[in-house]
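Colleague: I have the file open now and would like to go through it with you. Shall we begin with confidence and then turn to the sheet?

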Amino acid sequence: MTSNQRCGNRQLLFTSFFYISVLASIFPSALSFSTFLAPPKTFVPTTRKARSRPLFAGGFEWEDPTEEFDQGVENPFKNEAKEDDMQIDPARLLAPRLSGVNLYFVGMMGCGKTTVGDAVARRMGSYSFLDTDSIIESVTKKTIPELFADDGEETFRDIEAQVLDQVHAFVRSVVSTGGGIVCRNANWSKLQSGIVVWLNVEPELIMERIRGTDRPLLQGQDPLGKLKALSEERAVRYAQADVKIDVTAGMDTNSTVALVIKELHNFIDDNPPMWKKAKSKAQEEGLDWVQ
């Protein structure tokens with residue numbers, strides 16, 4: 001790389017960081033920035049139980065976290081009910097159970113992160129959808145293939161990390177990420193601030209989906225071989241996701257979204273908040289820990 005190219009890369013990084021900072025200053029809250037980038041959504045009002053009397057612990061007034069975070073919403077699939085028979089869309093019940101925690105979709109290029117993530121956010125109603133690749137293209141005024149061609153993969157990864165650094169500070173968001181975002185440890189630490197969903201698709205099926213599109217990392221004589229090599233290289237990182245969704249050829253967007261929603265409900269059941277575990281244990285042992 002020549003000195004002029006290095007200088008150009010530094011200028012691009014500075015410009016990208018500047019635009020991201022400007023966007024963050026214009027849209028200081030997660031809601032406003034996310035709403036700017038995401039499609040319109042329907043607001044779903046929720047109800048909160050009224051507190052009958054103050055609670056005390058150790059002589060001090062204390063707020064039961066159950067009343068603040070747990071709105072009494074349970075897993076709608078717990079009784080093995082069919083989704084078509086449910087009166088309320090189970091996706092609408094995810095938001096109160098997530099308590100603002102973000103959802104991050106990871107997986108190889110062409111696995112459907114953007115399509116599925118957007119559909120999940122729309123069905124949830126109260127969550128915004130963000131796509132890191134779309135944000136990168138907006139702030140750099142270049143397409144992803146142009147960024148790879150003009151500035152190289154490392155520069156793209158630096159910009160991608162900056163975008164994730166801004167996005168992960170938001171709440172109530174469904175975030176679609178680039179396929180290689182998991183390659184940097186610093187990115188993983190940010191992704192793990194939310195719930196990570198891995199869309200696992202076989203390379204052969206991915207090749208069918210992306211045929212005719214420009215994928216910078218698959219240029220050359222053997223794109224399928226390169227895709228398989230990338231999949232194997234990243235599989236260790238993807239496998240650390242909280243929820244794994246195996247997407248097969250017979251699954252369309254709706255069936256994939258339905259499975260994502262069901263598995264997220266199951267994951268929340270299996271991983272309750274620490275305060276909820278402590279309270280449940282106290283109740284099981286007959287301890288009256290709040291007077």
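**Confidence, sheet and rings**

Modeller: This is a predicted model, and among the elements of the protein chain the mean pLDDT is lowest, at 40, in helix α2 (residues 30-37) and highest, at 98, in strand β3.

Colleague: What does the protein chain average in pLDDT, and what share of the residues score at least 70?

Modeller: The average pLDDT of the protein chain is 78, and 66% of the residues score at least 70. Over residues 25-59 the pLDDT stays under 50, and for that stretch the model has 52 contacts beyond four places in sequence. Residues 64-69 also have a pLDDT below 50, with 17 contacts in the model beyond near neighbours in sequence. Where pLDDT is low, the predicted coordinates should not be read in detail.

Colleague: Fine, on to the sheet. What is the order of the strands?

Modeller: The sheet is open and has five strands in the order β4-β5-β3-β6-β7, with parallel pairing. Strands β4 (128-131) and β7 stand at the edges with a single partner strand each, so one side of each has no neighbour in the sheet. On average, neighbouring strands of this sheet are turned by 20° against each other, direction ignored.

Colleague: How many bridges join β6 to β7? And how many join β3 to β6?

Modeller: Five bridges join β6 to strand β7 (residues 243-247), and these two run parallel. Strand β3 (residues 103-106) is joined to β6 by four bridges, again with the strands running parallel.

Colleague: Which residue stands opposite Val-197, and which is the bridge partner of Asn-200?

Modeller: Val-197 in β6 has Phe-105 opposite it, while the bridge partner of Asn-200 is Asp-246 in β7. Trp-198, for its part, stands opposite Lys-244 in β7.

Colleague: Which helix packs on the sheet there, touching β6 and β7?

Modeller: Helix α10 (residues 203-210) packs on the sheet and touches both of those strands, and its direction makes about 85° with that of β6.

Colleague: Back to β6 itself: how many of its residues are buried?

Modeller: Seven of the seven residues of β6 (residues 195-201) are buried, so on the cut-off of under 20% relative accessible area the strand is mostly covered. In a regular strand the side chains alternate between the two faces of the sheet. In β6 both faces are covered, with Ile-195, Val-197, Leu-199 and Val-201 buried on one side and Val-196, Trp-198 and Asn-200 buried on the other.

Colleague: New topic, then. How many aromatic pairs does the count come to?

Modeller: The count comes to two aromatic pairs. Phe-148 and Phe-156 form a tilted pair, 4.9 Å centre to centre, with 40° between the planes. Phe-148 is buried with a relative accessible area of 15%, and Phe-156 counts as buried at 3% relative accessibility. Trp-198 and Tyr-238 make a stacked pair, because their ring centres are 5.7 Å apart and their planes lie at 25°. That pair links distant parts of the chain, with Trp-198 in strand β6 and Tyr-238 in helix α11 (residues 223-238), 40 residues apart.

Colleague: Are Trp-198 and Tyr-238 buried or exposed?

Modeller: Both Trp-198 and Tyr-238 are buried.

Colleague: Last thing, the cysteines. How many disulfides does the structure hold?

Modeller: The structure holds zero disulfides. Cys-111 counts as buried at 2% relative accessibility, whereas Cys-183, at 39%, counts as partly exposed.

Note on methods:
Residues are numbered from 1 along each chain as its sequence is written. This is a predicted model: local features need pLDDT of at least 70, side-chain atom pairs count only at pLDDT 80 or more; totals for chains, interfaces and linings use all residues. Side-chain values use heavy atoms; hydrogens and water are left out. Buried means under 20% relative accessible area, exposed over 50%, partly exposed in between (1.4 Å probe, protein chains only). Two strands pair if DSSP finds at least two bridges between them. pLDDT is the predictor's confidence in each residue, from 0 to 100. Contact means heavy atoms within 4.5 Å. Rings of Phe, Tyr and Trp (its six-membered ring) pair if their centres lie within 6.5 Å; planes under 30 degrees apart count as stacked, over 60 as edge-to-face and the rest as tilted. Axes are lines fitted to C-alpha atoms, for helices over the stretch in contact, and angles run from 0 to 180 degrees between N-to-C directions. A disulfide is a pair of cysteine sulfur atoms within 2.5 Å.
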